[in-house]
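Open the model in your viewer and keep the selection box ready. This tour goes stop by stop, naming what to pick and what you will find there.

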Amino acid sequence: MKRNRIAIAASALLAGASMLLAGCQADTSGLDDKGFKPHLTVDLQLPEQLEQGQEGRFAIVVKENGEPYDGFYQARFQLWPEDGSSAPVTAQAEKTAPGTYSFVQAIGPEGVYRIKFSGVSADYEIMPSKRFAIGSEAVEALAEMEKAGAAAAVPAPAGHHH
Amino acid sequence: MSTQLAGATPGTKARQKGLLPALYQSVWRWHFYAGIIFAPFLILLAVSGGAYLFKPQIEGQLYKDLLTVREVGQVRMSPDALSAAVRKENPGLAIQSLTLPSDARSTVKMSVVQGGVPTTLYADPYTGKIAGTLDSDKTFSAVFKKLHSQLLLPGTLPNRIVELAACWGLVLTVTGLYLWWPRGRFSVWGTLLPRLGKPGNRLFWRDLHAVPAFWLSILILALILTGLPWSGVLGGQIDKAANATNTNNPPYAYSFMGAPESVTRAKDIAADLPWAAESLPVPASAPGGYVPITVDEVAGIADRQHVQRPYTITMPSGETGVYTISTADAKPWDSATLHVDQYSGTVLTDVRYEQYGVMAKLITLGIAFHEGKLFGIANQLLGLLACLGLILISAGSYVMWRKRAPAGKLGAPNKPREKKASIGVLIIMAVLGVLMPLVGLSLLAVLALDWLVIRRVPALRRWFAV
């Protein structure tokens with residue numbers, strides 16, 4: 001009887017100490033091997049054929065931890081010309097497969113365009129966008145834009161020390 | 001110094017027989033030598049630290065025209081619009097980071113690079129005008145911080161000297177408390193209250209050294225201990241201990257501790273343009289890569305993730321970099337560091353104070369206390385009190401020493417005849433040397449100097465009272 005009491009007391013003490021120690025430790029629960037919290041990965045896909053006046057299907061595949069993610073309460077696409085010559089077209093994204101959202105839209109006159117997906121859920125928020133060009137002049141303009149974007153990449157900030 | 005032996009001079013009362021007097025004598029010798037060597041550094045640390053404590057108030061006045069707007073407008077420009085306005089005024093400017101203020105009267109601080117020179121720029125968020133620039137390395141706080149951490153000198157050595165002085169500051173405080181500890185009949189005067197009746201005599205200076213040192217000892221110990229986690233050698237050991245016990249920060253807790261890479265990869269068509277390189281016809285259409293999200297969108301993410309202003313948004317470093325959102329000047333418990341994928345806007349890491357391990361929490365609170373940021377003006381005044389006290393204690397000890405030292409002699413306390421005491425204190429010092437590696441190294445250097453030089457030269461032996 002006495003031994004049992006000692007065992008119970010020791011177990012309780014051990015459990016208490018474990019809980020106390022666990023409370024002292026850094027909370028890394030839910031982080032992956034890179035130290036990232038759960039997050040979404042995206043693959044924004046442009047139509048295979050980008051042709052003026054033709055309908056094209058834009059799609060995005062969204063995954064969480066490698067699995068299709070369907071948790072958005074708001075999912076929409078926006079398409080607009082980069083020169084602002086016309087207003088953006090906004091449309092609700094259509095879920096076409098698990099974790100896959102699509103949008104079909106006819107592409108207007110020649111120019112550089114931007115397609116953007118906005119997805120909001122209780123846990124996540126994403127807003128990836130891509131450019132594409134219709135017409136040879138626009139293709140050259142797009143190439144210049146991307147070159148300029150790469151050149152304008154910010155140099156690494158200086159380190160901090162106390 | 002104890003009340004009993006306060007008036008002791010080398011070779012008189014301190015030569016009393018017995019282990020305890022010998023122990024006292026030995027501790028006094030260590031306290032004396034450490035004080036002679038490190039008091040000037042401690043004065044320097046106190047002066048620079050005392051000034052740095054009031055950085056917000058002093059810089060607020062010194063750089064008032066840069067830090068505050070001339071007139072608070074109706075609507076603040078968005079970060080992107082403000083950045084564009086600043087770039088228009090200064091073409092070729094690369095913005096590395098911008099700090100969005102919480103106060104409506106504050107300008108927006110930007111870390112920029114122009115012509116390869118890093119500069120801090122302040123812009124008016126209502127007009128988009130540049131209020132002015134500051135050389136980040138030459139601000140009031142930067143100069144005093146450099147004095148406090150590396151004596152205004154370049155390289156690692158000055159920083160190690162500062163760490164060594166701080167560690168010996170700990171030893172001085174502990175040995176000083178031992179010397180102060182009342183022995184024999186207790187008297188309030190000379191123990192808890194200074195005897196200032198005869199200004200200028202040795203007792204006056206002794207009490208001006210020992211009594212404030214006792215009252216301020218906890219504060220001084222706290223300030224030294226809270227500064228050491230940032231030191232080069234001992235700080236590294238503390239970090240290792242925290243990592244080994246998993247009581248440190250989770251990964252990516254601080255913006256300056258490195259950032260991950262974006263998980264979304266930009267597809268750069270500019271890098272692969274066969275038609276441009278090989279004189280082929282330009283295609284009729286082309287897909288582009290991902291476009292980075294805007295700073296406005298990053299600010300929106302920060303606000304929706306309840307990051308408290310002021311916070312700093314640091315731009316991605318290159319095509320694979322991430323946006324970093326980090327709180328600036330926040331109370332420790334409000335601190336947040338987030339890394340955001342620059343193409344998708346997904347939050348990859350989000351580390352808050354609640355997730356820190358116990359050591360990281362203590363260190364973070366300690367640093368805030370050390371810098372006078374933990375509990376406002378009271379914290380600053382407490383820090384100032386410790387700094388002024390440390391200056392008084394250190395300067396007073398020099399006056400006391402000069403008054404006591406015989407002409408032509410160092411005036412060091414004599415070595416106790418009881419070897420057990422010397423060895424005992426040496427063992428304690430060795431333990432401290434293990435705990436504080438730079439103290440250990442300096443002990444080895446002192447012992448080597450003692451055995452190889454001082455003991456072999458009679459004049460030096462006499463001068464050092466060996």
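What follows is a walk through a predicted model, chain by chain and contact by contact.

**Stop 1: chain A as a whole**

Select chain A and colour by secondary structure. Two helices and 10 strands appear. Follow the chain from the N terminus: the order is α-β-β-β-β-β-β-β-β-β-β-α. Now switch to a surface view. Of the 162 residues of chain A, 37% count as buried. Contacts also reach along the sequence. Among contacts in chain A with a separation of 6 or more, 59% are between residues 24 or more positions apart.

**Stop 2: strand 2 of chain A and its partners**

Select residues 55–64 of chain A, which are strand 2. Start with strand 1 of chain A. Strands 1 and 2 run antiparallel and are joined by six bridges. Pick A:Thr41, and you will find A:Lys63 of strand 2 opposite.

Next, add residues 100–106, strand 7 of chain A. Strand 7 is also antiparallel to strand 2, with seven bridges between the two. Here A:Ala59 stands opposite A:Ser102.

Finally, add residues 67–68, strand 3 of chain A. Two bridges tie strand 3 to strand 2, again antiparallel. A:Lys63 returns at this point, opposite A:Pro68. Zoom in on the turn. Strands 2 and 3 form a hairpin with two residues between them. A:Asn65 sits in that turn, with a positive phi of about 55 degrees.

**Stop 3: where chain A meets chain B**

Show both chains. Select the contact residues on each side: 48 in chain A and 59 in chain B. How much area is buried between chain A and chain B? The value is about 4300 Å², and carbon and sulfur atoms give 60% of that area.

Turn on polar contacts. Between the chains there are 16 residue pairs in polar contact, counting those with both residues at pLDDT 80 or more. Now highlight the elements on the chain A side. Those that give two or more residues are strand 1 (40–45), strand 8 (111–120), strand 9 (125–126), strand 10 (129–134) and helix 2 (136–151). Helix 2 gives the largest share, eight residues. Colour this side by residue class: 25 residues are nonpolar, 11 polar and 12 charged.

Then isolate strand 10 of chain A and residues 285–290 of chain B, strand 5. These two strands run antiparallel across the chains, joined by four bridges. Pick A:Ile134 and look across to B:Ser285 in strand 5 of chain B.

**Stop 4: salt bridges between the chains**

Side chains of opposite charge can pair when their charged atoms come close. How many salt bridges are there between chain A and chain B? The count is two.

Select B:Glu297 and A:Lys116 for one of them. Their side chains meet at 2.2 Å, N to O.

Then select B:Arg304 and A:Glu125. The closest N and O atoms of this salt bridge are 2.3 Å apart. The pair crosses from helix 10 of chain B to strand 9 of chain A. Is each partner buried or exposed? B:Arg304 is partly exposed, because its relative accessible area is 47%. A:Glu125 counts as buried, because its value is 17%, under the 20% cut-off.

**Stop 5: other salt bridges**

Widen the search to all chains: the structure holds 14 salt bridges. Two examples lie within chain B.

Select B:Asp135 and B:Lys138, whose closest N and O atoms are 3.8 Å apart. B:Asp135 is partly exposed at 35% relative accessible area. B:Lys138 is exposed at 63%.

Then select B:Arg265 and B:Glu261, with a closest N to O distance of 3.2 Å. Both count as partly exposed, with B:Arg265 at 44% and B:Glu261 at 43%. Back in chain A, pick A:Glu82, A:Arg114 and A:Arg131: salt bridges that share partners join them into one network.

**Stop 6: two buried residues of chain B**

Select B:Ser83 in helix 4, residues 79–89. B:Ser83 is buried, with a relative accessible area of 4%. Leaving out residues up to four places away in sequence, B:Ser83 touches B:Ile95, B:Leu98 and B:Met110.

End at B:Ala299 in helix 10, residues 295–304. B:Ala299 is buried too, at 4%. Beyond four places in sequence, its contacts are B:Pro79, B:Leu100, B:Tyr311 and B:Ile313. Put a distance label from B:Ala299 to B:Leu100. The two are 199 residues apart along the chain, yet their C-alpha atoms are separated by 8.7 Å.

Conventions. Residues are numbered from 1 along each chain as its sequence is written. Chains are lettered from A and ligands numbered from 1 in the order in which they are written. This is a predicted model: local features need pLDDT of at least 70, side-chain atom pairs count only at pLDDT 80 or more; totals for chains, interfaces and linings use all residues. Side-chain values use heavy atoms; hydrogens and water are left out. Contact means heavy atoms within 4.5 Å. Buried area is the accessible area (1.4 Å probe) that two parts lose on being put together, summed over both. A salt bridge is a side-chain nitrogen of Lys or Arg within 4 Å of a carboxyl oxygen of Asp or Glu. A polar contact is a pair of N or O atoms within 3.5 Å; within protein, one must be able to donate a hydrogen and the other to accept it, and residues adjacent in sequence count only if both atoms are side-chain atoms. Ala, Val, Leu, Ile, Met, Phe, Trp, Tyr, Cys and Pro count as nonpolar, Asp, Glu, Lys and Arg as charged, and the others, Gly among them, as polar. Two strands pair if DSSP finds at least two bridges between them. Buried means under 20% relative accessible area, exposed over 50%, partly exposed in between (1.4 Å probe, protein chains only).
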